[in-house]
Amino acid sequence: MAGIPAGVVAAGGLVGGYGVARWTKKRQLGGVALAAAGVVAARGWKQKAGTGTAAVLSGLYVAAFAGSHPLAKKLGAWPSVLTVAGGVAAASWAAADRRSVGAAA
């Protein structure tokens, strides 16, 4: 997992969690996917940028999930999920992921 940016994991959790919930018609399964990706992303954020940044980005992840619901009423479900996922990925890149670019080389 060290090579996968945490923002990609987080965005994948938002998109994947919604997809799982929608396609299985079991919201709980989507929640499991969302939570699992959130835990993995938070570990990556903590490792790359520290506990404080990880806490802020984790809060953003939860807020994006919650905010996607009212946003879906304006944009539609998939556009809403993709919008918040992109926002979380961008914030993750700015706050944590870009710090590790080239670090492994």
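**Helix 1 and the largest pocket**

The lining of the largest pocket draws at least two residues from each of helix 1, helix 2 (27-49), helix 3 (51-75) and helix 4. Helix 1 chips in with the largest share, five residues. Keep in mind that this is a predicted model. The pocket itself comes out at a volume of about 370 Å³. It is lined by 17 residues, and the closest to its centre are Gly17, Tyr18, Ala21, Phe65 and His69. Sorted by class, the lining holds nine nonpolar, six polar and two charged residues.

So much for the pocket; next comes the packing around helix 1. Two packed helices are described by the angle between their axes and the distance between the axes. For helix 1 (residues 6-24) and helix 4 (residues 77-95), those values are about 160° and 7 Å. With angles over 145 degrees counted as roughly antiparallel, helix 1 and helix 4 therefore get that label. Their crossing is right-handed. On the helix 1 side, the contact uses Ala6, Gly7, Ala10, Ala11, Leu14, Val15, Tyr18, Gly19, Arg22 and Trp23, while helix 4 brings Ala77, Trp78, Val81, Leu82, Val84, Ala85, Val88, Ala89 and Ser92. That makes a contact of 15 nonpolar, three polar and one charged residues.

Helix 2 also packs against helix 1, with an angle of about 175° and axes 7 Å apart. Helix 1 and helix 2 are therefore roughly antiparallel as well. Here helix 1 offers Ala6, Gly7, Val9, Ala10, Gly13, Leu14, Gly17, Val20, Ala21 and Thr24. Across from these sit Arg27, Leu29, Gly30, Ala33, Leu34, Ala37, Val40, Ala41, Gly44, Trp45 and Lys48 of helix 2. By class, the contact of helix 1 with helix 2 splits into 13 nonpolar, six polar and two charged residues. Gly17 and Ala21, both part of this contact, are also among the residues closest to the pocket centre.

Then there is helix 3, whose axis lies 11 Å from that of helix 1, at an angle of about 25°. Since angles under 35 degrees count as roughly parallel, helix 1 and helix 3 are described that way. This crossing, too, is right-handed. Ala10, Gly13 and Leu14 of helix 1 meet Tyr61, Ala64 and Phe65 of helix 3, giving five nonpolar residues, one polar and no charged ones. Phe65 turns up again among the residues closest to the centre of the largest pocket.

Definitions and conventions
Residues numbered from 1 in each chain as written. Predicted model: local features only at pLDDT ≥ 70, side-chain atom pairs only at ≥ 80, totals over all residues. Heavy atoms only, no water. Axes fitted to C-alpha atoms, helices over the stretch in contact; angles between N-to-C directions. Helix = DSSP H or I, 4+ residues; strand = E, 2+ residues; numbered from the N terminus. Parallel < 35°, antiparallel > 145°, perpendicular 65-115°, else oblique. Left-handed = near helix turned anticlockwise from the far one by under 90°. Contact = heavy atoms within 4.5 Å. Nonpolar A, V, L, I, M, F, W, Y, C, P; charged D, E, K, R; others polar. 1 Å grid on protein atoms, 1.4 Å probe; cavity = no way out; pocket = protein on both sides within 12 Å on 5 of 7 lines; lining within 4 Å. Points joined across faces, edges and corners; volume = space filled by probe spheres on them.
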